[in-house]
Amino acid sequence: MLAAAAAVYTGGAGGGIAARELAVGTRLRAVGVPVGLVAAAFTQAELRHRAAAKFACAEEMFFTRAGLEQASSQAAAEHRAARFAGRHRLADLCTGIGGDALALAPGREILLVDRDPVHLRMAALNVAVHGAHRVDTLLADVRDADLTDYDGVFVDPARRTGDRRLASRASEPPLPWCFALADRVAAVAVKAAPGLATDQVPPGWEIEFVADGRDLKEAVLFSPALATTERRATVLHPAPLSSSVPLSSSALPGGRPVSLVGIPDPAECGGKVAAPGQFLYDPSPAVTRAGLVGELARRLGAWQIDPMIAFLSSDEPVASPFARLLRISASLPFDVRRLVGELRGRRIGSLEIRRRGLAGDVEELRRRLLPRRRDLVAGGPAITLVMTRLRDEPWAFLCTPVADNRVAGLVSDARPLPCPSVNG
Ligand SMILES: C[S@@+](CC[C@H](N)C(=O)[O-])C[C@H]1O[C@@H](n2cnc3c(N)ncnc32)[C@H](O)[C@@H]1O
């Protein structure tokens, strides 16, 4: 029945999704499948279809809607599971549908703990798909789990209960409880919201900020036994990187992880400040959140254009997964009338507006710069308008994106995970 429901999304029977769902549903009900079961099969098919963006073996896994939304992507889970290398008995607390467990389990004994029975059952099934060695499950509050004899713990506390989001920075169990796990088991990793207050983190722990492309997704905190640096910015990089970079190839959805490590800048930014050169770098939010803008500048041979702003600049273009690279074609004080003239003269094909350090309504500005859609010219250049501050003055750069896959300053601990079993 699940295979029949899946055909709605694989397009096997032709027609649109709604038409296929009607045809398959009618056929299943005609042979006596209860309506509720048919509906559940369609939900599972839809969730598996969505989950393909996160998991290589999504079509064999089981999801609840909330479980999928909260689940780590396989690429992110794989990346942090590598930290537990050499540890053979792990506990995955708040296991959810097992998004993290499936990367932690292969070749190990693992204990999955969740108080939601549906999630716990799904996690066990999903981990089995990924070649688990030995899996124990515990339906309980994680506070009641006996962690004696485990040599590593991962915990991903919930940031919502049912349909309700917890207050910002709150979690269940709360972060202080998660950090205190390190008093019982030395090797602990805690997943948290990327907005976490870094002063909440105990001394000696590493903080890693993870972005998927340009979206900041999560923070992960590693106890001193697992920490290898103070701060880490990791980007799940979607594009293929240069073949000169020693990364293993991976078919994982969501890209492969690359990390920038270092000591956070004393201020939010830090590093050399000078006038803009020919190129502008817009650092990944993982880098800015980790306080590694100065570190990135050093790796790129770039400098800041203002001590308080995270844009970097250079005269040599160096493409990096940690920043968007833009070529500056005009640099001028921020003045809407002048910008309208500049844009009109360029006969642009599209306009993106990027803002750092300058207040203002971006959509309102777009309307003033481009009052009519026909002001865009088919085949014209794609322009990024950067609104920022320079020498404490509102400033604008008109830029064009630079496409280049040369990569600088790269560290990776990517490890590909195949889909070991096909259960049909
Ligand atoms: C953010 S999800 C975990 C996602 C998981 N890491 C994944 O990638 O699939 C949080 C899970 O914690 C569970 N949970 C929350 N509080 C709990 C508690 N006190 N004890 C046990 N489980 C709990 C919820 O039922 C939910 O399944």
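Okay, let's start with one residue, Arg356, which sits in the loop between strand 16 (350–355) and helix 12 (362–369). Keep in mind that this is a predicted model.

So, is Arg356 buried or exposed? Its relative accessible area comes out at 15%, and the cut-off for buried is under 20%, so Arg356 counts as buried. And what does the side chain of Arg356 reach? That would be the backbone oxygen of Pro283, at 3.1 Å. Pro283 also turns up on the contact list for Arg356, once you leave aside the neighbours within four places in sequence. The rest of that list is Asp282, Thr288, Ile309, Ala310, Phe311, Met387, Thr388 and Arg389.

Right, over to the sheet. We have 9 strands here in an open sheet, and the order goes 3-2-1-4-7-9-8-10-11, with mixed pairing. At the edges you find strand 3 (134–139) and strand 11 (256–262); each has a single partner strand, so one side of each has no neighbour in the sheet. From one strand to the next, the twist averages 20°.

Let me zoom in on one pair. Strand 8, residues 206–212, and strand 10, residues 231–237, run parallel, and 6 bridges join them. If you want a spot to look at on screen, try Val210, which stands opposite Thr234 in strand 10.

Last stop, the strand 3 end of the order. Which helix lies across strand 2 and strand 3? Helix 7, residues 117–129, does that, and its direction is at about 155° to strand 2 (109–114).

That's my tour, thanks.

Terms used: Residues are numbered from 1 along each chain as its sequence is written. This is a predicted model: local features need pLDDT of at least 70, side-chain atom pairs count only at pLDDT 80 or more; totals for chains, interfaces and linings use all residues. Side-chain values use heavy atoms; hydrogens and water are left out. Two strands pair if DSSP finds at least two bridges between them. Helices (H or I, at least four residues) and strands (E, at least two) are DSSP runs, numbered from the N terminus. Axes are lines fitted to C-alpha atoms, for helices over the stretch in contact, and angles run from 0 to 180 degrees between N-to-C directions. Contact means heavy atoms within 4.5 Å. Buried means under 20% relative accessible area, exposed over 50%, partly exposed in between (1.4 Å probe, protein chains only). A polar contact is a pair of N or O atoms within 3.5 Å; within protein, one must be able to donate a hydrogen and the other to accept it, and residues adjacent in sequence count only if both atoms are side-chain atoms.
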